[in-house]
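Hello,

Here is the structure I promised to pass on. Please have a look, then read my notes below.

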Amino acid sequence: MENKFPGNENLQKALTKFKDDLRKLSKEEQKEAIEKYVKIIDNKIVEIERKEKMKSGQEEFFNFILERVKEGKKEDAKALMVESFEHQMNGTFNKEYALAFMPRMISLLKEEHIEEVNNIMKQFASNTKE
């Protein structure tokens, strides 16, 4: 059978199994199963779109910060940003981490940008989970 989803064999297997399972159901059960499956797919699409937006936001923040970092500190800032993004992706970016992150990042900034970046980070930290 032709793989309609190259690179994602698990998805292909799941769809094949779903089709096989549908054949065993009555018309009413098929309708319910399809509605349930569509909801699952819709939720996954929303999740993927949210992650893509987050990645885009991360990239904007990354570039924003790097423009404000002291000379010779860009590599340190990059490493710190990557660490914070990993915490976000792992779900471990919380207020405690944000409050520890902020002074580390501020120490890398040019003096004239500290207040601006600090205000943005405080705002972001206030929206994070405990």
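**Helix α5 and the rest**

On the other side of α5 from its buried residues, Glu115 and Gln123 are exposed (over 50% relative accessible area; buried is under 20%, partly exposed in between, with a 1.4 Å probe and protein chains only). The buried ones are Val117, Asn118, Met121 and Ala125. Seen down the helix axis, they fall within an arc of 100°, so they line one face of α5 (the arc is that of the directions from the axis to the C-beta atoms). Helix α5 covers residues 114-126, 13 in number. From first C-alpha to last it reaches 18 Å, close to the 18 Å expected at 1.5 Å a residue (1.5 Å times one less than the number of residues).

This is a predicted model: local features need pLDDT of at least 70, side-chain atom pairs need 80 or more, and totals for chains, interfaces and linings use all residues. Residues are numbered from 1 along each chain as its sequence is written, and side-chain values use heavy atoms, without hydrogens or water.

The protein has five helices and zero strands (DSSP runs numbered from the N terminus: H or I of at least four residues for helices, E of at least two for strands). Of its 130 residues, 26% count as buried.

Asparagine 94 sits in the loop between α3 (74-90) and α4 (95-106). At 18% relative accessibility, asparagine 94 counts as buried. Its side chain reaches the backbone nitrogen of glutamate 96 at 3.2 Å. A polar atom of that side chain also lies 2.8 Å from the backbone nitrogen of tyrosine 97.

Best wishes

How values were computed
A polar contact is a pair of N or O atoms within 3.5 Å; within protein, one must be able to donate a hydrogen and the other to accept it, and residues adjacent in sequence count only if both atoms are side-chain atoms.
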